[in-house]
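Hi,

Here is the structure I promised to send over. Have a look at it first, and then read on for what turned up.

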Amino acid sequence: MAVAVVEALRHRIANGALPVGSQLPTEQRLIEEFNVSRTVVREAIAELRARGLVEPRQGVGVFVMPSSEPAPGLLSGDFTRLSEVLELLEFRMGVEIEAAGLAALRRSSRQEAEILLAHERVIAAVDGGGGAVDADFALHLAIAAATNNHFYSDVLTYLGQRTIPRSRLGDSAEATTAYLRKVIAEHARIIEAIERQDADAARLAMRHHLTESQRRYRGLGGLPADSIS
């Protein structure tokens, strides 16, 4: 029973329904919502804490934590360097292409709704003139969560906003509104394939999205299309 509570709360964290710094519902509310015992709720909170997703604060409550910084020597590159950003995008392709396919096959109706909500938040952020980094990350995390294999979302959670390279390149790499509109269209194709439960199309759409991201950042450095160093 604790697994169901863990997954439900993880999905809310992934799609931004429980953003960083927000407080989880009280034990009593979780007991009533999930129709479980206090012991089950406490086991679920302990698991979320072990994964670094939440932090209990004595006498106050349980709060959503930001993504942990990588341990020294692990994923500790200089992400202000273009070459490091390109290598990270290549790494993401190895993880997120398959995640999109699995999400298409395994997503629940609730997870599909969470992906759509995250997509709407990206659109709203762009319409508001922002870079949409937080919303973009939440969308990719929601897709990873819909694989129902926690390792996919754990990897993205661990990396944090490193997965959205414009958050690491500073003003010189801030995407233009036109580029962000392209990103939204690419996201839409991924989501449409997930909605249709077309795993092959979801993988192709995610590959296209990440390849286009690589193309943009290579262009910033004047690198050839097939260069990653």
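Let me start with a question you can try by eye: in which hand, left or right, does α5 pass α6? The crossing of α5 past α6 is left-handed. Bear in mind throughout that this is a predicted model.

Some more on that pair. Helix α5 covers residues 109-127 and helix α6 covers residues 133-145, and their axes come within 8 Å of each other, crossing at roughly 165 degrees. Angles over 145 degrees count as roughly antiparallel, and α5 and α6 are therefore roughly antiparallel to each other. On the α5 side, the residues in the contact are Gln 111, Glu 114, Ile 115, Ala 118, His 119, Arg 121, Val 122 and Ala 125. They meet Ala 135, Asp 136, Ala 138, Leu 139, Ala 142, Ile 143 and Ala 145 from α6. By type, the contact of α5 with α6 splits into 10 nonpolar residues, two polar and three charged.

Stepping back to the whole chain: the protein has 10 helices and two strands. Read from the N terminus, the order of elements is α-α-α-β-β-α-α-α-α-α-α-α. There are 229 residues in the protein, and 48% of them are buried. If you take the contacts with a separation of 6 or more, 72% of them come from residues 24 or more positions apart.

Now the charged pairs. Side chains of opposite charge can pair when their charged atoms come close. How many salt bridges does the structure hold? The count is 14, and here are a few of them.

- Glu 33 and Arg 12: the closest N and O atoms are 2.2 Å apart. Glu 33 sits in helix α2 (residues 27-34) and Arg 12 in helix α1 (residues 2-14), so this salt bridge ties together parts that are 21 residues apart in sequence. Glu 33 counts as partly exposed because its relative accessibility is 41%, whereas Arg 12 is buried, with a relative accessible area of 12%.
- Glu 27 and Arg 38: here the closest N and O atoms are 2.7 Å apart. Glu 27 belongs to helix α2 and Arg 38 to helix α3 (residues 38-50), so the link joins parts that are 11 residues apart in sequence. Glu 27 is partly exposed at 26% relative accessibility, and Arg 38 is partly exposed at 36%. This pair also has company: Glu 27, Arg 38 and Arg 42 are linked in a network of salt bridges.
- Glu 112 and Arg 107: the closest N and O atoms are 3.3 Å apart in this salt bridge. Are these two buried or exposed? Both Glu 112 and Arg 107 are buried.

One last residue to click on is His 187, which lies in helix α9 (residues 177-196). His 187 has a relative accessible area of 1%, so this residue counts as buried. What does His 187 touch, leaving aside residues up to four places away in sequence? The list is His 119, Val 122, Asp 136, Leu 139, His 140 and His 209. Some of those names should look familiar: His 119, Val 122, Asp 136 and Leu 139 are also among the residues in the contact of α5 with α6.

Cheers

Key: Residues are numbered from 1 along each chain as its sequence is written. This is a predicted model: local features need pLDDT of at least 70, side-chain atom pairs count only at pLDDT 80 or more; totals for chains, interfaces and linings use all residues. Side-chain values use heavy atoms; hydrogens and water are left out. A salt bridge is a side-chain nitrogen of Lys or Arg within 4 Å of a carboxyl oxygen of Asp or Glu. Helices (H or I, at least four residues) and strands (E, at least two) are DSSP runs, numbered from the N terminus. Buried means under 20% relative accessible area, exposed over 50%, partly exposed in between (1.4 Å probe, protein chains only). Axes are lines fitted to C-alpha atoms, for helices over the stretch in contact, and angles run from 0 to 180 degrees between N-to-C directions. Angles under 35 degrees count as roughly parallel, over 145 as roughly antiparallel, 65 to 115 as roughly perpendicular and the rest as oblique. A crossing is left-handed if the near helix is turned anticlockwise from the far one by less than a right angle, and right-handed if clockwise. Contact means heavy atoms within 4.5 Å. Ala, Val, Leu, Ile, Met, Phe, Trp, Tyr, Cys and Pro count as nonpolar, Asp, Glu, Lys and Arg as charged, and the others, Gly among them, as polar.
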